[in-house]
Amino acid sequence: MTLEELVGTNMTDNKMLSASEALEALVVAAQLQDCLTVGVYESAKLMTVDPDSVVLCVLATDEEDEGDIALQIHFTLLQAFCRDSDIHLLRVEGMRRLRELLGEPDHNGNQTRDLHCLLVTSSTCQTLSSDALGQVISYCEESLGNNQWEPCLARQQP
């Protein structure tokens, strides 16, 4: 491995970690400020009514979701809508960590919210963590600039 490859890989890993931490801070802040829409159906409904208020769409999955065709169809439609509406989009792996951040109980028979789609809105949030939002959006834009069609982060248990 060359020095450039080693430094480039390390820098990419650091940016991903930084973006992951920023996403965590952003999601928590958005929930506390009531700027977070949770659920595929709820998100689609909000984007239909007020797409200009949405600043970030987070599509979250785990390995067991890969075979869920209905969820993948929903994701494809949400992605297309986000692209057409210039809404930043981010795929996240690690539903367990999101569940912890949002204070959701484990799914051991308990009813939980659908965390597959999260929307961060700006219409009611004036003091939303702008640094965290800026870092996440910067990561999304940089990933798209590197020809990565779908920016993706892997969030796991700390």
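User: How far is the sulfur of C117 from the closest cysteine sulfur?
Analyst: In this predicted model, the closest cysteine sulfur to that of C117 belongs to C57. A disulfide would need the two sulfur atoms within 2.5 Å. The pair is too far apart for a bond, because the separation is 3.9 Å.

User: How many disulfides does the structure hold?
Analyst: A pair of cysteine sulfur atoms has to lie within 2.5 Å to count. C117 does not meet that cut-off with C57, its closest cysteine by sulfur position, at 3.9 Å. For the structure, the number of disulfides is zero.

User: Is C117 buried or exposed?
Analyst: Buried means under 20% relative accessible area. C117 has a relative accessibility of 0%. C117 therefore counts as buried.

User: Which residues form a nonpolar patch on the surface together with L77?
Analyst: L77 sits in helix α3, which covers residues 69-84. A residue is exposed when its relative accessible area is over 50%, so L77, at 57%, counts as exposed. The patch has about 320 Å² of accessible area in total, and the partners of L77 in it are I69 and I73.

User: Is D50 buried, partly exposed or exposed?
Analyst: D50 is found in the loop that runs between α2 (40-49) and β2 (54-61). Its relative accessibility is 30%, and the class between the 20% and 50% cut-offs is the one that applies. D50 therefore counts as partly exposed.

User: What distance separates the C-alpha atoms of D50 and T121?
Analyst: Along the chain, D50 and T121 are 71 residues apart. D50 belongs to the loop between α2 and β2. In space, the C-alpha atoms of D50 and T121 are separated by 9.7 Å.

User: What pattern does the protein chain follow, read along the sequence?
Analyst: The secondary structure consists of five helices and five strands. Among contacts between residues at least 6 apart in sequence, 79% join residues at least 24 apart. Read along the sequence, the pattern is α-β-α-β-α-β-α-β-α-β.

User: What percentage of the residues in the protein chain are buried?
Analyst: The protein chain exposes about 9,000 Å², with 51% of that supplied by carbon and sulfur atoms. Residues under 20% relative accessible area count as buried. Of the 158 residues in the protein chain, the buried share is 41%.

User: Over which residues is the pLDDT below 50?
Analyst: The protein chain has a mean pLDDT of 80, and 76% of its residues reach 70 or more. One stretch has a pLDDT below 50 and makes one contact beyond near neighbours in sequence. Where pLDDT is low, the predicted coordinates should not be read in detail. The stretch in question is residues 1-14.

Terms used. Residues numbered from 1 in each chain as written. Predicted model: local features only at pLDDT ≥ 70, side-chain atom pairs only at ≥ 80, totals over all residues. Heavy atoms only, no water. Patch = residues over 30% accessible without salt bridge, like charges linked within 9 Å, V, L, I, M, F, W, Y side chains within 5 Å. Areas by Shrake-Rupley, 256 points an atom, 1.4 Å probe, with all protein chains shown as cover. Salt bridge = Lys/Arg side-chain N within 4 Å of Asp/Glu carboxyl O. Helix = DSSP H or I, 4+ residues; strand = E, 2+ residues; numbered from the N terminus. Buried < 20%, exposed > 50% of the residue type's maximum accessible area, 1.4 Å probe, protein only. pLDDT = per-residue confidence, 0-100. Contact = heavy atoms within 4.5 Å.
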